[in-house]
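Hi there,

Here is the structure I promised to pass on to you. Have a look at it first, and then read my notes below.

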Amino acid sequence: MAEQQAVPAGPDLALGVKLSDFTTETLVGHIGDQDVLLVRSGPEIFAIDAHCSHYHGPLAEGLVVGESIRCPWHHACFDLRTGEATRAPALNALAVWEVEYEGERIFVRQKRKQTRPRGKAPVDGPRNVVIIGGGAAGLAAADMLRRLEFGGSHVMLSEDAAPPVDRPNLSKDYLAGTAPEDWLPLRPDSFYAEAGIDLRLNSNVSSIDTKAQRVLLGGGDTVPYDRLLLATGAEPVRLPIPGADQPHVYTLRSLADCRLIVGSLVGARRATVIGASFIGLEVAASLRARDIEVHVVAPEQRPMERVLGPEMGDFIRSLHEQHGVIFHLGDTVVGIDGKRATLKSGGTLEADAVVIGVGVRPRLALAEQAGLKLDRGVAVNPFLETSMPGIYAAGDIARWPDPHSQENIRVEHWVVAERQGQTAARNMLGQREPFDAVPFFWSQHYDVPINYVGHAEQWDEIAVDGDISARDCLLRFKKMGRVLAVASIYRDIDNLRAELEMEREAVG
Ligand SMILES: Cc1cc2nc3c(=O)[nH]c(=O)nc-3n(C[C@H](O)[C@H](O)[C@H](O)COP(=O)(O)OP(=O)(O)OC[C@H]3O[C@@H](n4cnc5c(N)ncnc54)[C@H](O)[C@@H]3O)c2cc1C
Ligand code: FES
């Protein structure tokens, strides 16, 4: 069969468009086979790649804020003038194009030269920066140090065997078998040496000597630091039940975990997922995509009710049931004997593989040993600095003063971890940038994405706009009339607007 050519979007911008035809805020066109987005911002028109550098989200459906555009899918942000990715999860800049005016027409013909990074490392800054953790926060910090042209020694220590990967994909497309493994690395292997990052894999940090300012590795080596970033993330909770230590019982955090699960699925017919958490249910969806019979066992009556409320919980349950998942709610697994899991209610489930997704616990051992102040996480100030000057913390372990909820919060979100890593990197080089991003996370179940912005541990009202079962809704979680968080399905632009409102509210 002949390969189908993708049809280029919109008008050919090299041939020009009439200004009077460009009446909206954005217009997608093309140059050759490349989609380019025209964006009107005040009196200026910018031309930028039409797709986000994270997962190719359509920027035409995003939100223009001043001279920036935000991606509708996971809220990355790009500078329209430079193309720079100013907010994670996108880490790569987009190409920007020259806009030429000729009479009543505008033309886009050539890319602008890449501009230099905005910030520069100060000459009297630290000489040795050490990052502990090769995950979201660690990689984003290392990448930001590179962008800032930090010229000192830059060591990244990770217990993992693999360089930093796109962890959210491990419970989604990669586990479902629809994404190849080469989509997973956040950066190509060559990146680290080229960027001057001394990435040391399989390196377990056993302790921190804060007086001598050095970290000690399990193998006996030491690494000195002037500035240290702790980004040790979280580890899955294991269940203290008989049989949980058998080889076909898994938790999922690392690429190595995921490879083991994928390997066990060859020839498997049935699986049990313990826990109806985000990860547990994403795993359930991915296993259904492999046509494996999936049973989910969880003590709650409704999945995700604690985070998303009862109506969304009911929807998520029925969505999974429509895809064949069998729930055993209000129940727990009390033991696993070979392939048979016994339920508290008395029944049994046969399973070729069991995946436990009952939550994670922040990895605080190093912070505790170093004598850092802990508060159900590592306590940090608005600049993400811990109680020990020169030592910063970011990601799943950090509890920071959130200006939006006005509480000290700790979350387990990919985008937050990356953005904190970036802020910590700037601050390690001497900037004083408070971390004030509104928390954001997404979760994907089959073809249904759920986007959540803000932070609501408790609420007294959920205002539902639209129809949850029709997969077109926006839920506002309110306390005493104030919107603390918003969750949505296919209301991306409204979700972006809610984020902006929360930002403005915190400033005002
Ligand atoms: C399967 C899965 C799917 C997810 N999906 C989503 C999603 O869709 N959306 C979302 O918002 N969030 C999602 N998350 C959560 C998100 O991945 C985390 O919030 C994020 O990875 C936290 O980043 P981090 O840098 O704090 O920790 P991590 O990414 O876990 O990185 C921690 C790093 O520290 C290393 N480390 C720990 N201790 C040591 C030590 N002593 N010495 C050396 N290295 C050490 C670890 O090996 C690891 O490399 C998902 C998580 C998982 C596991
Ligand atoms: S696709 Fe744009 S942020 Fe993910």
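R432 lies over the face of F383, 3.9 Å from the centre of the ring. Please keep in mind that this is a predicted model. A similar arrangement involves R187, whose charged end sits over the ring of F191 at 5.0 Å from the ring centre.

Next, rings beside rings. How many aromatic pairs does a search of the whole structure find? The search turns up six. One of them joins F278 and F441: the ring centres are 5.1 Å apart and the planes meet at 70°, so this pair is edge-to-face. F278 belongs to helix α5 (residues 278-289), while F441 is in strand β32 (residues 440-445), so the pair ties together parts that are 163 residues apart in sequence. F441 is buried, with a relative accessible area of 10%.

W459 and F477 also pair up, with ring centres 5.0 Å apart and planes at 70°, so they too are edge-to-face. Here W459 sits in the loop between β33 (448-454) and β34 (461-467), and F477 in strand β35 (residues 472-479), so the parts tied together are 18 residues apart in sequence. Are these two residues buried or exposed? W459 counts as partly exposed at 24% relative accessibility, whereas F477 is buried, at 0%. If you select F278, F441, Y452, W459 and F477 together, you will be looking at one aromatic cluster.

Now for the nonpolar cores. The largest has 68 residues, and those touching the most other members are V130, I132, I208, V215, L229 and L230. Try clicking on I208: leaving aside residues up to four places away in sequence, I208 touches I132, R214, V215, Y225, L228, L230, L366, Q369 and A370. There is also a second, separate core of 51 residues, and its members include I292, V294, Y452 and A485. You have met Y452 already, in the aromatic cluster.

Last, the cysteines. A disulfide is a covalent bond between the sulfur atoms of two cysteines. The count of disulfides in this model is zero. Why does C77 not form one? The closest cysteine sulfur to that of C77 is in C71, 10 Å away, which is too far for a bond. For C473, the closest cysteine sulfur is again in C71, but at 19 Å, also too far. Both cysteines count as buried: C77 has 4% relative accessibility, and C473 has 0%.

Enjoy exploring!

Best wishes

Notes. Residues numbered from 1 in each chain as written. Chains lettered and ligands numbered in written order. Predicted model: local features only at pLDDT ≥ 70, side-chain atom pairs only at ≥ 80, totals over all residues. Heavy atoms only, no water. Phe/Tyr/Trp six-rings, centres within 6.5 Å; stacked < 30°, edge-to-face > 60°. Helix = DSSP H or I, 4+ residues; strand = E, 2+ residues; numbered from the N terminus. Buried < 20%, exposed > 50% of the residue type's maximum accessible area, 1.4 Å probe, protein only. Lys NZ or Arg CZ within 6 Å of the ring centre and 35° of its normal. Core = buried A, V, L, I, M, F, W, Y, C linked by side-chain atoms within 4.5 Å. Contact = heavy atoms within 4.5 Å. Disulfide = S-S within 2.5 Å.
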